[in-house]
Amino acid sequence: MKKILSIFILLAAILTSCKDPYADSIYSGSPDVMPAASYMEKTDSLKVNLWVDLLKYTDLFNTLNLQADYTCFVPNNTAIEAYLAKKGVSKVTDLNKDDAKLLVRYHTIKGAKYSSVDFSEGIIPDTTATGDYLTSTFLIEGGAIQVNKEATVLKTIQVTNAYIHVVNSVLTPVTETLWDKMLAPEFSIFKQAIEATGLKEMLNTVIKLEVNSYGNTVQRKYRYTLFAVPNEVFNANNINDLTSLISLLKAASDYTSVGNELNKYVTYHLLNQQISYSDLSAFAVDDKVRSKNLNTMAPNQLINVRDISSELFINYDATAAKGVKLLQLNRNCKNGVMHVVDGLMPIKSPKPTKIQWEMTAYPELAAIIPNYRVASGSSTYTYYLSSSFLCYNLLTVPESRIGLYYVLANKNEAELKKALYSDYLVISMGMFGWVEMQSPAIVSGKYNVYIEHFNPKAAEKQGKLSFILDGNYIGTQISTIGASKTSDKYTKTLIGTVEFAETSTHKLRILAGDTFNSYLDCLTFEPITQ
């Protein structure tokens, strides 16, 4: 099957049309403070006039003068001159116009203004106008910000509608899938393993058109995390080809079977969500051990990520004082991110750790909701979930109730935005309505179970919920409203205690005991030391 590389543009027509739709527009802001494009054009000291020429050539100059929020990464003249020389042309108007538009869109984020203090190590939460994520890192010397590890921010300017970051190199638009990355000679053995297990097509897919339960065609975008093992690591372990890897794993011949050892090995190196280094290295504030387990795409198999003296390890062995390290970070792809590891990363069973199971952490939501976990804006974002989202099974009473919706808190909601990723699953089931969902795999052990949620102020306790795990009630009914009569709270409520005999997934049913809505962030499992 051919690679699916349909262009996934998150901006509206203003960044995709063949003609600048605002060529005759006059900016209505204060005359002594200019918007992005005009500021770049009129400020000679920035030395970005070649980029201004590119904006005009692509009919996007006036678009960047709109009263909207932008983050613009703008290569200076030296960077553009080097880019033109590489392309074998002397001026920007010699570039292919479609390629030039792609270049401008790739350097522009619409809908969010990121200042220099907003960047962290990892993926920038909002996508560019091409639907791609950029990464930001900090240089060891001087602490300068580097974008995609190829362009350093030289200067940042705030204008009326944007932050302009002048950079010293042109960013290279992402065009490769995770599978494309595997075509590099350094990954030939891992590539063969992916092919043998039938996972090539999955790692080569960016977008699919799917028909939902209402008969509507929806566009679904896929994002994964791949921990890639290079040949040098295989060779150091006397594995020089796929045959020797199969022999080491003692894998039978049905490699496409989910129970096959080769299949499990490859899927153990895959996560069904995009996780940058900054997300991998982020731990709960109260996590003193700084350790967490993440579900892989191998059934009921998890990896452990642990911070030891500010160095990140996968499956760290405390006795041997070693684990798998990350050789290369945040290799952006059209359908996810790749990290290169320095070890074989065989399947291991981690010890129980604190699990924060987010009610919205499903790839179906990430693939379809336009503003899924983007940076919090100035207004709260709501997306109503239909029954086409197969990650949830629900009953509303009466049927006319909304059921479920996704909420992303705005940056001004002090308590609401405290949720992980600032987002919630809001349940509006009606009395005796319920919603069911499957948990991630949880390591065997005994746990205290908490619900972390937004708790609106109220004179009496409301939002009554009961939790049923694998057919058994956990603790007693709790309330998600009215913890305080005077102020809203983001809070954590103990539900009860559970014990799991084996590592596996679980079915959770949340049963409504009244008609009030509940804003749920995550179900937290904290190990009880035996």
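Contact here means heavy atoms within 4.5 Å. I jot that down before anything else, along with a reminder that this is a predicted model.

**Entry 1: Ser504**

I started with a loop residue. Ser504 sits in the loop between strand 28 (489-500) and strand 29 (507-512). Which residues does Ser504 touch, if I skip those up to four places away in sequence? I got Asn300, Pro440, Ala441 and Ile442. Next I looked up the exposure of Ser504: the relative accessibility is 12%, so Ser504 counts as buried, the cut-off being under 20%.

**Entry 2: a sheet of four strands**

Next I went to an open sheet. Its four strands come in the order 12-13-14-15, and the pairing is antiparallel. Strand 12 (291-295) and strand 15 are the edge strands, each pairing on one side only. From one strand to the next, the twist averages 50°. A note to self from the textbook: strands of a sheet pair through backbone hydrogen bonds, either parallel or antiparallel.

I then walked across the sheet, pair by pair.

- Strand 12 and strand 13 run antiparallel and are joined by five bridges. I looked up Ser291 and found that its bridge partner in strand 13 is Arg306.
- Strand 13 (residues 302-308) pairs with strand 14 over four bridges, again in the antiparallel sense. Here Asp307 stands opposite Leu312 of strand 14. The hairpin of these two strands has two residues between the strands, and Ser309 takes a positive phi near 50°.
- Strand 14 and strand 15 (residues 322-324) run antiparallel, with two bridges joining them. Ile314 of strand 14 faces a partner too: it stands opposite Val324 in strand 15. This hairpin has four residues between its strands, and Ala321 in the turn has a positive phi of about 55°.

How many of the seven residues of strand 14 are buried? I looked it up: five, so strand 14 (residues 311-317) is largely enclosed by the rest of the structure.

**Entry 3: Val324 up close**

Val324 had come up as a bridge partner, so I stayed with this residue of strand 15 because I wanted its exposure: Val324 is buried, with a relative accessible area of 10%. Leaving aside neighbours within four places in sequence, Val324 is in contact with Leu312, Phe313, Ile314, Val341, Asp342, Gly343 and Met345. I picked Gly343 out of that list. The C-alpha atoms of Val324 and Gly343 are separated by 5.3 Å, and the two residues are 19 residues apart along the chain.

**Entry 4: helix 2**

Time for a helix. Which residues of helix 2 (residues 49-57) are buried? I noted Leu50, Trp51, Val52, Leu54, Leu55 and Tyr57. The elements covering them include helix 1 (36-42), strand 1 (70-75), helix 3 (77-87) and helix 4 (97-106). Just after helix 2, Asp59 takes a positive phi of about 60°.

I took helix 3 from that list of covering elements and checked how it meets helix 2. The two axes come within 7 Å and cross at roughly 60°. That makes helix 2 oblique to helix 3. On the helix 2 side, Asn49, Leu50 and Trp51 make the contact; on the helix 3 side, Asn77, Ile80 and Glu81 do. Sorted by type, the residues of this contact are three nonpolar, two polar and one charged.

**Entry 5: aromatic pairs**

Last, I looked for rings. A search of the whole structure turns up 14 aromatic pairs. I wrote down two of them.

One is Phe73 with Phe119, a tilted pair at 6.1 Å centre to centre, with 40° between the planes. Phe73 is in strand 1, while Phe119 is in the loop between strand 2 (108-110) and strand 3 (122-123), so many places along that I noted the separation: 46 residues, linking distant parts of the chain. Buried or exposed, these two? Both Phe73 and Phe119 are buried. Ring pairs also link Phe73, Tyr114 and Phe119 into a cluster.

The other is Tyr381 with Tyr406, which is edge-to-face: 6.5 Å centre to centre and 70° between the planes. Tyr381 lies in strand 19 (residues 381-385) and Tyr406 in strand 21 (residues 403-408), so the pair ties together parts that are 25 residues apart in sequence. Tyr381 counts as buried at 18% relative accessibility, and Tyr406 is buried with a relative accessible area of 0%.

Technical notes:
Residues are numbered from 1 along each chain as its sequence is written. This is a predicted model: local features need pLDDT of at least 70, side-chain atom pairs count only at pLDDT 80 or more; totals for chains, interfaces and linings use all residues. Side-chain values use heavy atoms; hydrogens and water are left out. Buried means under 20% relative accessible area, exposed over 50%, partly exposed in between (1.4 Å probe, protein chains only). Two strands pair if DSSP finds at least two bridges between them. Axes are lines fitted to C-alpha atoms, for helices over the stretch in contact, and angles run from 0 to 180 degrees between N-to-C directions. Angles under 35 degrees count as roughly parallel, over 145 as roughly antiparallel, 65 to 115 as roughly perpendicular and the rest as oblique. Ala, Val, Leu, Ile, Met, Phe, Trp, Tyr, Cys and Pro count as nonpolar, Asp, Glu, Lys and Arg as charged, and the others, Gly among them, as polar. Rings of Phe, Tyr and Trp (its six-membered ring) pair if their centres lie within 6.5 Å; planes under 30 degrees apart count as stacked, over 60 as edge-to-face and the rest as tilted.
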